[in-house]
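Biologist: Pick one part of this model and give me a close look at it, please. I'd like to hear about the closed-off spaces and the side chains around them.

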2 protein chains.
Amino acid sequence: MTEQRKSPHDLPDVSGLTIGILGGTGDQGKGLARRFALAGHRVLIGSRRAERAQEAADDLGGDLPVRGAENAVAARESDVVIIAVPWDGHRATLESVRAELAGKIVVDCVNPLGFEKGKGMFALPVEEGSAAQQAAALLPDSRVVAAFHHVSAVLLLDPGVDAMDLDVLVLGDDRDATDTVQALAGRIPGMRGVYGGRLHNAHQVEAFTANLISINRRYKAHAGLRVTDV
Amino acid sequence: MTEQRKSPHDLPDVSGLTIGILGGTGDQGKGLARRFALAGHRVLIGSRRAERAQEAADDLGGDLPVRGAENAVAARESDVVIIAVPWDGHRATLESVRAELAGKIVVDCVNPLGFEKGKGMFALPVEEGSAAQQAAALLPDSRVVAAFHHVSAVLLLDPGVDAMDLDVLVLGDDRDATDTVQALAGRIPGMRGVYGGRLHNAHQVEAFTANLISINRRYKAHAGLRVTDV
């Protein structure tokens with residue numbers, strides 16, 4: 001895994017950033033909180049109720065630099081804020097913290113998926129095109145980036161897994177913001193942030209999570225993607 | 001590249017199959033024709049005009065078992081037929097060879113993409129959901145599979161490239177058909193066929209080609225995808 005990789009530019013040093021995770025009480029949010037804290041980041045788990053957020057932080061063990069707070073507090077006190085709420089709470093959560101997110105990099109990792117018996121998972125239509133584009137529409141004063149859609153919550157939370165094995169596709173229209181999020185992805189062992197296109201091409205990355213779920217089912221795997229020749 | 005891979009089942013022996021490629025005069029079709037012929041398959045390049053198809057076959061060099069034919073002839077004489085026409089010819093081509101494709105495995109690798117200056121590539125809306133679903137709707141008597149969307153035509157045609165480096169996502173609702181196409185992908189060195197979900201989840205795989213084009217541009221690469229943990 002040490003083959004040479006093309007790097008079109010140097011990524012910024014993000015080691016000192018505090019990371020907020022709204023919806024951090026769910027498995028994916030908690031898993032990302034755990035990995036970023038293990039990498040040395042101060043992490044704030046956000047939830048509608050501070051006590052629930054603190055419970056999630058406590059679940060991760062007292063040694064890690066993670067604490068819980070109300071969504072607005074977590075957003076205000078963080079440098080970069082990850083949105084990891086369920087799709088049906090996406091719009092309301094973002095509207096509730098619009099002011100606190102102004103000027104910040106907001107990383108949307110929400111996958112708008114539905115399930116039907118006999119059909120399985122499928123992508124839900126989103127008026128704005130994708131969850132990430134909805135976030136950009138709701139947060140005109142934030143720098144919205146889409147990333148971390150395909151990361152397995154199970155692996156993130158598994159203490160037996162030292163390193164992940166996937167590239168995180170990072171999409172956005174603001175180069176400094178995507179560079180920062182690529183660098184953040186690279187803070188987690190075995191993860192690499194790869195630029196994945198503009199925000200108007202986020203839908204298919206979100207929707208592809210349905211395919212990964214099918215792949216996981218067929219192969220009894222926790223599949224991820226690697227981008228070759230990059 | 002010899003790490004152990006999970007195989008949920010054995011794939012069939014497809015070494016004797018004749019492969020038809022409609023739209024085989026374009027770069028992607030020609031590239032696939034070249035690689036399948038190098039792997040020992042008899043290949044029929046199809047086009048609206050037999051002479052153009054034969055020219056494309058001749059371009060690949062006389063040593064390979066490739067010949068050109070009219071689309072209907074190529075479809076009728078092949079065991080598996082790959083659809084590699086431009087999106088704007090997709091519907092008309094399929095309607096013109098519906099009878100010849102009946103009962104066959106039809107592999108759609110068409111990416112419905114548009115381009116706008118300042119925006120770049122993006123996915124076009126398709127009434128049926130995706131090119132592959134359109135094919136399934138137009139060809140009720142065929143077994144439609146979606147695959148080979150992300151394969152770089154440049155690499156397929158490059159005589160200096162001995163092996164590809166990507167997994168081919170194979171989608172479909174017919175298990176025998178997807179197994180066959182996975183096995184076919186595996187005939188090309190460095191390629192592996194990975195089941196990628198049902199046909200209703202083909203849109204995002206087709207659309208993701210727009211992201212790969214962005215990635216190629218940013219990293220000056222010919223990017224492909226690998227699926228990890230499979």
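Modeller: A quick word on naming: helices and strands here are DSSP runs, at least four residues of H or I for a helix and at least two of E for a strand, numbered from the N terminus. Keep in mind that this is a predicted model.

Let's start in chain B, with the second largest cavity, which has a volume of about 40 Å³. Its lining is made up of A147(B), F148(B), H149(B), H150(B), L166(B), D167(B), V168(B), L169(B) and V205(B). Strand β9 of chain B, residues 166-172, contributes the most, with four residues. By character, the lining splits into six nonpolar residues, two polar and one charged.

Now follow D167(B), one of those lining residues. Its side chain makes a polar contact of 2.7 Å with the side chain of R226(B). That arginine sits in strand β11 of chain B, residues 224-228. R226(B) counts as buried because its relative accessibility of 10% falls under the 20% cut-off. Its side chain has another partner too, reaching the backbone oxygen of G190(B) at 2.8 Å. There's also D165(B), which is 61 residues away from R226(B) along the chain, yet their C-alpha atoms are separated by 7.9 Å.

While we're in chain B, have a look at H200(B), in the loop between β10 (191-197) and α9 (203-219). With a relative accessible area of 18%, H200(B) is under the 20% cut-off and so is buried as well. Its side chain reaches across to chain A, where the backbone oxygen of K119(A) lies at 3.0 Å. Leaving aside residues up to four places away in sequence, H200(B) touches K119(A), M121(A) and F122(A), plus Q133(B) from its own chain.

Over in chain A you'll find the largest cavity, at about 50 Å³. F148(A), H149(A), H150(A), V151(A), L166(A), D167(A), V168(A), L169(A) and V205(A) line this one. Here strand β9 of chain A (residues 166-172) supplies the largest share, four residues, and the lining again comes to six nonpolar, two polar and one charged. In total, the structure holds two cavities of 30 Å³ or more.

One last bit of context for chain A: an unreviewed UniProt entry places the feature "domain: Pyrroline-5-carboxylate reductase catalytic N-terminal" at residues 18-112. In the model that span is 41% helix and 23% strand, with its end C-alpha atoms 27 Å apart.

Definitions and conventions. Residues are numbered from 1 along each chain as its sequence is written. Chains are lettered from A and ligands numbered from 1 in the order in which they are written. This is a predicted model: local features need pLDDT of at least 70, side-chain atom pairs count only at pLDDT 80 or more; totals for chains, interfaces and linings use all residues. Side-chain values use heavy atoms; hydrogens and water are left out. On a 1 Å grid over the protein atoms alone, a cavity is a set of points where a 1.4 Å probe fits but cannot get out, and a pocket is an open set with protein on both sides within 12 Å along at least five of seven lines; lining residues have an atom within 4 Å of a point. Grid points are joined across faces, edges and corners, and a volume is the space filled by probe spheres set on the points. Ala, Val, Leu, Ile, Met, Phe, Trp, Tyr, Cys and Pro count as nonpolar, Asp, Glu, Lys and Arg as charged, and the others, Gly among them, as polar. UniProt positions are given in the numbering used here, feature names are shortened, and annotations may be inferred rather than shown by experiment. Buried means under 20% relative accessible area, exposed over 50%, partly exposed in between (1.4 Å probe, protein chains only). A polar contact is a pair of N or O atoms within 3.5 Å; within protein, one must be able to donate a hydrogen and the other to accept it, and residues adjacent in sequence count only if both atoms are side-chain atoms. Contact means heavy atoms within 4.5 Å.
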